[in-house]
Structures are given as structure tokens and as C-alpha cells.
Amino acid sequence: MNNAYEMAVDSGNTELADQIKKDISATKLRLDIGKDLNFVKGMQDKYERFIQKESLAYESRLQINLNQRLK
């Protein structure tokens, strides 16, 4: 979500950046109180394309590659 926010700010889209900032705050609140975690899951799905997969641990990348080859 932070990546999406940074991209919106960099592109000058303040309206989108404000919406993302609200989503981040709402998600943090729900994580802090431990309630309505379906909302958190929804936010993960919404911002999934901004998740950096390159930062996965080496073992995780190996597991993903192995699973792809087994399919």
C-alpha cells in the first residue's frame, strides 16, 4: 500500500494519494484492534499488484519456482 501511495504522490494524483492514505489508516486501525480482518484481506487483494515480489526471501523464491515447475 505504501508503494501505491508513493506512486500516486509521484504522479501528482493527490486525490488518489488521499484515498490510499485513508485505506492505510483504516487497515492499520483494524490490525491494531484485531477486528474486521476481512477488511484487511480486501485491502491486500486491492493493492496486490503493488506488492514487491522481488523482496521475497531466497527460500521463498525457490519454493515458488519449484511449485511452478511441478505444475
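Modeller: Before we start, buried means under 20% relative accessible area, exposed means over 50%, and partly exposed lies in between (1.4 Å probe, protein chains only). This is a predicted model, where local features need pLDDT of at least 70 and side-chain atom pairs count only at pLDDT 80 or more, while totals for chains, interfaces and linings use all residues. Residues are numbered from 1 along each chain as its sequence is written, and side-chain values use heavy atoms, with hydrogens and water left out.

Colleague: Okay, what order do the elements of the protein chain run in from the N terminus?

Modeller: Helices (H or I, at least four residues) and strands (E, at least two) are DSSP runs, numbered from the N terminus. The chain has 4 helices and 0 strands. Read from the N terminus, the order is α-α-α-α.

Colleague: And what percentage of the 71 residues count as buried?

Modeller: Start with the surface: the protein chain has about 6000 Å² accessible (Shrake-Rupley, 1.4 Å probe; for residues, only the protein chains shown count as cover). Carbon and sulfur atoms own 51% of that surface. As for the 71 residues, the buried share is 17%.

Colleague: Which residues is Thr 27 in contact with, leaving aside neighbours within four places in sequence?

Modeller: Thr 27 sits in helix H2, which covers residues 14-33. With a relative accessible area of 8%, Thr 27 is buried. Contact here means heavy atoms within 4.5 Å. Beyond its sequence neighbours, Thr 27 touches Met 1, Phe 39, Val 40 and Met 43.

Colleague: Then across the chain, among contacts between residues at least 6 apart in sequence, what percentage join residues at least 24 apart?

Modeller: The tally takes in contacts in the protein chain whose residues are at least 6 apart in sequence. Of those, the portion joining residues at least 24 apart is 28%.

Colleague: How many salt bridges does the count come to?

Modeller: The rule asks for a side-chain nitrogen of Lys or Arg within 4 Å of a carboxyl oxygen of Asp or Glu. One of the pairs is Asp 45 with Lys 41, at 3.0 Å from N to O. Those two are 4 residues apart in helix H3, so about one helical turn separates them. The total number of salt bridges is 3.

Colleague: Which residue does Lys 46 meet in a salt bridge?

Modeller: Lys 46 is partly exposed, at a relative accessible area of 41%, whereas its partner is buried at 7%. The bridge links distant parts of the chain, helix H3 and helix H2, with the two residues 23 apart. Closing at 3.0 Å from N to O, the partner is Asp 23.

Colleague: Which residue has a positive phi although it is not a glycine?

Modeller: Look in the loop between H2 and helix H3 (37-46). The residue there is partly exposed, with 45% relative accessible area, and forms a salt bridge with Arg 30, the closest N and O atoms being 3.0 Å apart. With phi at about 55 degrees, the residue is Asp 36.

Colleague: Over the ring of which residue does the charged end of Arg 30 sit?

Modeller: A charge sits over a ring if NZ of Lys or CZ of Arg is within 6 Å of the ring centre and within 35 degrees of the ring normal. The charged end of Arg 30 lies 3.9 Å from the centre of the ring. That ring belongs to Phe 39.
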